[in-house]
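Here is a short briefing to read alongside the model. It goes through a pair of backbone details, then the sheet, then the nonpolar cores.

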Amino acid sequence: MPFVNEFIPAEDIEKYRLKAINAKFVVGGTNARDWTVDRDRDIYLRNVAMGAGAEPELRNQTTWTFYWHGELLTLRLDLLDATGGPGEPGWSFWKLVWLNGSNGLPKHLKELETQIIEDLKAALTVYQGAGVYSANYATYSITLEIGEECVL
């Protein structure tokens with residue numbers, strides 16, 4: 001089964017211990033109730049915090065959890081640009097600013113870096129800029145830049 005956007009079922013909230021994860025983000029915990037998930041491969045992507053303020057460089061800063069085959073990774077992704085509307089091709093340009101606070105991948109995952117980044121790109125493509133709230137695009141693609149300061 002490929003990635004899909006959905007509201008998180010109650011059994012998955014328990015399975016992945018999302019309440020404990022939620023408490024680590026934003027004052028009082030995150031309200032992230034949807035995700036992009038590939039159950040067959042045990043991978044999910046969740047937006048757990050969004051920047052605030054009027055300045056695009058602040059409000060486009062986002063924090064995510066990326067659960068990859070039993071490993072919980074924390075990412076900061078900045079949305080640099082996006083385009084498209086319902087029925088049109090859609091596109092978004094993301095920058096990976098840090099992974100695990102720029103501590104990078106755990107040692108045992110370093111050799112899998114390419115696959116992890118490819119899976120992240122696939123999840124972001126399905127996420128389409130807004131997950132379950134995305135417009136009905138004709139097609140969707142993403143560009144993912146790895147920031148100079150990002151340690152993988």
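## Two unusual backbone angles

At a relative accessibility of 24%, Asp42 counts as partly exposed, because that class lies between the 20% limit for buried and the 50% limit for exposed. Please keep in mind that this is a predicted model. Asp42 belongs to the loop that links β2 and β3, and its phi is positive, at about 55°, although the residue is not a glycine.

- Most residues other than glycine have a negative phi, so a positive value deserves a look.
- Ser102 is another such case: its phi is near 70°, positive in a residue other than glycine.
- You will find Ser102 in the loop between β6 and α4.
- With a relative accessible area of 23%, Ser102 is partly exposed.

**The sheet**

- Seven strands make up an open sheet, running in the order β1-β2-β3-β4-β5-β6-β7, with mixed pairing.
- At the edges sit β1 (4-7) and β7, each of which pairs on one side only.
- On average, neighbouring strands of this sheet are turned by 35° against each other, direction ignored.
- Within the sheet, β4 and β5 pair in the antiparallel sense, over eight bridges.
- Trp68 stands opposite Glu71 in β5.
- The helix α4 packs on the sheet and touches β1, β2 (34-38), β3, β4, β5, β6 and β7. The direction of α4 makes about 140° with that of β7.

**The nonpolar cores**

- In soluble globular proteins, nonpolar side chains tend to be buried together.
- Here the largest nonpolar core has 26 residues. Those with the most contacts inside this core are Phe66, Leu75, Leu96, Leu124 and Leu144.
- Two or more residues of this core come from each of β3 (43-50), β4 (61-68), β5 (71-83), β6 (89-99), α4 (113-127) and β7 (139-146).
- Which element gives the largest share of this core? That is α4, with six residues.
- Leu144 is worth clicking on: leaving aside residues up to four places away in sequence, Leu144 touches Leu77, Trp94, Leu96, Ile117, Leu120, Lys121 and Leu124.
- A second core, separate from the one above, has 10 residues, among them Tyr16, Leu18, Ile21 and Tyr44.

Key:
Residues are numbered from 1 along each chain as its sequence is written. This is a predicted model: local features need pLDDT of at least 70, side-chain atom pairs count only at pLDDT 80 or more; totals for chains, interfaces and linings use all residues. Side-chain values use heavy atoms; hydrogens and water are left out. A nonpolar core is a set of buried Ala, Val, Leu, Ile, Met, Phe, Trp, Tyr and Cys residues joined through side-chain atoms within 4.5 Å. Buried means under 20% relative accessible area, exposed over 50%, partly exposed in between (1.4 Å probe, protein chains only). Helices (H or I, at least four residues) and strands (E, at least two) are DSSP runs, numbered from the N terminus. Contact means heavy atoms within 4.5 Å. Two strands pair if DSSP finds at least two bridges between them. Axes are lines fitted to C-alpha atoms, for helices over the stretch in contact, and angles run from 0 to 180 degrees between N-to-C directions.
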